[in-house]
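Trainee: Hi! Could you walk me through this one? I have not looked at it before.

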Amino acid sequence: MKWPRWFLKLKESLLPPRRVIIIEADTPPHKLPRRNLVLAREENEDWAVAFLCPCGCGSRLELLLIKEAKPNWSISLGPGDRPTLHPSVWLTKGCKSHFWLRGGKVFWV
């Protein structure tokens, strides 16, 4: 079910910020938490971040963080392991969600 944007914005404002769980691996695990992100890090190098689509469709999103990959993203962690991703996440297939993740909160485009 595709939730209306106003509902997703309201839900995001009421729930606590998303956080990052860091694992020692070069790929994220198959099973992901409902809200938080999993950062795969090996030998102090960030490889990928994975999370479930915030629209509620259940799609698994896995974003590559290594500079050699195209496309790639960067992640920074704020206080309390609150993630910020750059650039935005824009799905061209499936639910077609487009959003920014800033300080652990989703901002819909």
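**Contacts of arginine 18**

Mentor: Happy to. This is a predicted model. Let's start with arginine 18, which, apart from its neighbours within four places in sequence, is in contact with Glu12, Arg35, Asn36, Leu37, Pro54, Asp81, Arg82, Pro83, Leu101, Gly104 and Val106.

Trainee: Where is the place of arginine 18 in the fold?

Mentor: Arginine 18 sits in the loop between helix H1 (5–14) and strand S1 (20–24).

Trainee: And is arginine 18 buried or exposed?

Mentor: Arginine 18 counts as buried, because its relative accessibility is 6% and buried means under 20%.

Trainee: Which backbone oxygen lies 3.4 Å from a polar atom of its side chain, I mean that of arginine 18?

Mentor: That is the backbone oxygen of arginine 35, at 3.4 Å from a polar atom of the arginine 18 side chain. Arg35 is also among the contacts of arginine 18 listed above.

Trainee: Okay, new topic. How many cavities of 30 Å³ or more are there?

Mentor: The structure has 1 cavity of 30 Å³ or more. The volume of the largest cavity is about 40 Å³.

Trainee: Which residues line the largest cavity?

Mentor: Its lining is made up of Leu8, Lys11, Glu12, Arg18, Pro54, Val106 and Trp108. H1 and strand S9 (105–108) are the elements that give two or more residues to that lining, and H1 gives the most, with 3 residues.

Trainee: How do the lining residues of the largest cavity divide by class?

Mentor: There are 4 nonpolar and 3 charged residues in that lining, with no polar ones.

Trainee: What about the largest pocket, how much space lies in it?

Mentor: About 190 Å³ of space lies in the largest pocket. Its lining consists of Lys11, Leu15, Arg18, Arg34, Arg35, Leu52, Cys53, Pro54, Gly56, Cys57 and Gly58. So you meet Arg18 again, in the lining of the pocket as well as in that of the cavity. By class, the pocket lining has 5 nonpolar, 2 polar and 4 charged residues.

Trainee: Switching again: how many aromatic pairs does the structure hold?

Mentor: The structure holds 3 aromatic pairs. In one of them, tryptophan 6 and phenylalanine 7 are edge-to-face, 6.1 Å centre to centre, with 90 degrees between the planes.

Trainee: Are tryptophan 6 and phenylalanine 7 exposed or buried?

Mentor: Tryptophan 6 is exposed, because its relative accessible area is 60% and exposed means over 50%. Phenylalanine 7, at 29%, is partly exposed.

Trainee: Which residues do ring pairs link into a cluster?

Mentor: Phe51, Phe99 and Trp108 are linked into a cluster by ring pairs. You have already met Trp108, in the lining of the largest cavity.

Notes
Residues are numbered from 1 along each chain as its sequence is written. This is a predicted model: local features need pLDDT of at least 70, side-chain atom pairs count only at pLDDT 80 or more; totals for chains, interfaces and linings use all residues. Side-chain values use heavy atoms; hydrogens and water are left out. On a 1 Å grid over the protein atoms alone, a cavity is a set of points where a 1.4 Å probe fits but cannot get out, and a pocket is an open set with protein on both sides within 12 Å along at least five of seven lines; lining residues have an atom within 4 Å of a point. Grid points are joined across faces, edges and corners, and a volume is the space filled by probe spheres set on the points. Ala, Val, Leu, Ile, Met, Phe, Trp, Tyr, Cys and Pro count as nonpolar, Asp, Glu, Lys and Arg as charged, and the others, Gly among them, as polar. Helices (H or I, at least four residues) and strands (E, at least two) are DSSP runs, numbered from the N terminus. Buried means under 20% relative accessible area, exposed over 50%, partly exposed in between (1.4 Å probe, protein chains only). A polar contact is a pair of N or O atoms within 3.5 Å; within protein, one must be able to donate a hydrogen and the other to accept it, and residues adjacent in sequence count only if both atoms are side-chain atoms. Contact means heavy atoms within 4.5 Å. Rings of Phe, Tyr and Trp (its six-membered ring) pair if their centres lie within 6.5 Å; planes under 30 degrees apart count as stacked, over 60 as edge-to-face and the rest as tilted.
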